[in-house]
Structure formats: C-alpha cells, structure tokens
Amino acid sequence: MKFIDIIRERERLLEIRKKYQPLAELKENIKRVKLRTDFKKSLVKEDDVSIICEYKPASPSLGEISQLTVGDVVPLFEEGGASAVSVLTEESFFKSNIDNLKLACRITRLPLLRKDFILDPYQIYEARAYGASAILLMADIYPDLKEGIEICKYLDMDALVECKNPEEIETAVKSGAEVIGINNRDFNDFKTDLGRTEKLASYVPSNITLVSESGVQSPEDVDFLSKLGVDALLVGSSIMKSSHILEKVNSLVLTGKNSKTRRQKR
Ligand SMILES: O=C(O)c1ccccc1NCC(=O)[C@H](O)[C@H](O)COP(=O)(O)O
C-alpha cells in the first residue's frame, strides 16, 4: 500500500461523513462543546520535554497494534504524566474513528490532538465539535495552509503543522504556524529515522513549538531528541504495544524531565 492510497480512502470517507453530518450541524454542535485546555501551552515547559501519547490501535506499517480501547489507555496516559493525548481518527488503516475523540474528551482533561489526514475545512470543524483542542495539518497535503491555520485560530484550536523539509518549514512559518511537527517517518516506505529531526530541527525558529513525531521507542530516544531542542515528542506504537503502558509512559516522561536543550540556530 502507498501513501496516496491512504489519501484516496480518506477522501472517500470524508464525502460520506459530510452527508451524514453536514457542516451546518457541526457548527451548531460546536456551540455546545466546551473548549479544552490549550494544546500548545501544555507542551511548552521551561526545562522538560513533553510527551504526547497517541491512541493508535493499528497502522499501515504494523497492522494491528493493540485491541485496547480509548477507555483502557487514556487514563494510563494521564496517570503516567502525558502532557497531551493524540487520538487517531482514521478508520480504514488505523482502525479508529471520530467517536474515539469524543470518548477521550469524556475521560481526560488533557488537551486532545485529532490525528488524521486533514484535507478539508470540514474536518477541522468536525474535530472541534468532537472535543479536540488541536489538529494535525500536513504542509504538503492540506490545500491552503494559511486558511487552515486561520480556521483553527477562529475555533480557538492549535494547528500542529507537519513539515518534511526546510521549504515546508518556511511556508508553515509564513502561513502563521505556531507549532511545527517533524515526522521521523518516511511516507514512501513508512520506516522511521530519528535523524530526520536531527536534520530539520535547526530550521524551526526558536519561538515556534517543535514536536518530533514517530519512531520513539525508548528513554534513549527521548534523550537523543531532547538534545536537539525539541519541545515535545509524539509517541504511539511503542506505548500501545507495551504490556505495561503506565510504566512505559512514565519512563518516557521521566526521561524528558529537566532534559530540554536550547535549539541550535542555523
Ligand atoms: O504509523 C504509520 O504506519 C503511518 C503510515 C502512514 C502515514 C502515517 C503513519 N503514522 C502516523 C503518525 O504520524 C504516527 O501515528 C505518530 O507520529 C506516532 O508514531 P509512532 O510512535 O511511530 O507510532
């Protein structure tokens, strides 16, 4: 399977959602959904690298990862010291759905990131209506980044803008991004390499919150990425696969404590 297959499938399911729950209805629902605490603020700490724990039952690279539910894992993420929770909401390849976001919202007071392939403003409104405080926007996938970031601001949400090269980082900054993510996963073969953050971190201005995403397995990885000046790490598979989730989260969180380093300037 290729990345483009994931996007095509996302487009197909999006059209079904739009018919099932029109945008006007979502906008009405938003009026009744209380906003969660600030995602960006929760990640930026003076001395600590924050950990965002991701609910991820399956993935294109690993297939089924875990049969645990949001109700099983989110309390453990919180107890383990996570600063925020990411909920994958893609159905076909990651075996989750948007209702898991709503469920997480009932379980935890931590800020919630909607992790999905966002192609359309509809999905940003949908995220807010289902309780998200932030949404992932991929710089090379979302059609109008500036507009997407503005919609997030209008809805009092944060945009985590994912960038794959220096040009995308520059575009993201010009478009108003305040939180930038560097994904350590290569979307051609889905393999991870923490060296991607090493190559790109210094391109991200120091006033912007930097999240390193994917491939974090161990406290040693947290240590390595901390030295590159990241503010937060997004971790899914290694936590979901663990038979001791609470201890796993806690070991990553503790390694992030007092480990924050100033980002190198170019
Ligand atoms: O996880 C995958 O296999 C994948 C494949 C294709 C596109 C995206 C994919 N993952 C999305 C993510 O970015 C991760 O869920 C997230 O960063 C956590 O990564 P990990 O800790 O490696 O599970």
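## Exercises on a predicted model

In this predicted model, K248 belongs to helix 12, which spans residues 245–256.

**Exercise 1. Decide whether K248 is buried or exposed, and find which residues surround it.**

Solution. Begin with the relative accessible area of K248, which is 17%. Buried means under 20%, and K248 is therefore buried. Next, set aside the neighbours within four places in sequence; K248 is then in contact with Q217, S218, S238, I239 and S242. Finally, turn to a residue from another part of the chain: G80 stands 168 residues from K248 along the chain, and the C-alpha atoms of the two are separated by 8.0 Å.

**Exercise 2. Place E46 in the chain and decide whether it is buried or exposed.**

Solution. First locate E46, which sits in the loop that runs between helix 3 (39–43) and strand 1 (50–55). Then take its relative accessibility of 72%; since the cut-off for exposed is over 50%, E46 counts as exposed. As a last step, consider N183, which is 137 residues from E46 along the chain, with a distance of 23 Å between the two C-alpha atoms.

**Exercise 3. Explain why helix 6 (residues 121–129) can be called largely enclosed, and identify what its buried residues pack against.**

Solution. Start with the count for helix 6: 8 of its 9 residues are buried, so the helix is largely enclosed by the rest of the structure. The buried residues can then be named as Y122, Q123, I124, Y125, E126, A127, R128 and A129. To see what encloses them, look at their packing partners, which include four helices' worth of entries to trace in the model: helix 1 (3–20), helix 2 (23–30), helix 5 (99–107) and helix 7 (145–154). The buried residues also pack against strand 5 (112–115) and strand 6 (134–138).

**Exercise 4. For F190 and N258, work out what is notable about phi and where each residue lies.**

Solution. The starting point is a general one: most residues other than glycine have a negative phi. F190 is not a glycine, yet its phi is positive, at about 65 degrees. This residue lies in the loop between strand 8 (179–183) and helix 9 (195–200), and with a relative accessible area of 14% F190 is buried. N258, also not a glycine, has a positive phi of about 55 degrees. N258 is found in the segment after helix 12, and because its relative accessibility is 63%, N258 counts as exposed.

**Exercise 5. Determine why the radius of gyration agrees with a compact globule, and describe the protein as a whole.**

Solution. For 266 residues, a compact globule would have a radius of gyration near 18 Å, and the protein has 17 Å, which agrees. The C-alpha atoms fill a box of roughly 45 × 40 × 40 Å along the principal axes. The chain forms 12 helices and 10 strands, and 57% of its 266 residues count as buried. Among contacts with a separation of 6 or more, 68% are between residues 24 or more positions apart. The surface comes next: the protein exposes about 12,000 Å², of which carbon and sulfur atoms supply 48%. As for charge, there are 40 positive and 42 negative side chains, and the centres of the two sets lie 2 Å apart.

**Exercise 6. Find which residues the UniProt domain annotation covers, and describe that part of the chain.**

Solution. According to the unreviewed UniProt entry, the annotation "domain: Indole-3-glycerol phosphate synthase" covers residues 6–251. Over residues 6–251 the chain is 41% helix and 18% strand, and the end C-alpha atoms of this stretch are 33 Å apart.

Methods:
Residues numbered from 1 in each chain as written. Predicted model: local features only at pLDDT ≥ 70, side-chain atom pairs only at ≥ 80, totals over all residues. Heavy atoms only, no water. Helix = DSSP H or I, 4+ residues; strand = E, 2+ residues; numbered from the N terminus. Rg over C-alpha atoms; globule rule 2.2 N^0.38 Å. Buried < 20%, exposed > 50% of the residue type's maximum accessible area, 1.4 Å probe, protein only. Contact = heavy atoms within 4.5 Å. Areas by Shrake-Rupley, 256 points an atom, 1.4 Å probe, with all protein chains shown as cover. Lys, Arg positive; Asp, Glu negative; His and termini not counted. Charge placed at Lys NZ, Arg CZ, Asp CG, Glu CD. UniProt positions renumbered as here; feature names shortened; annotations may be inferred.
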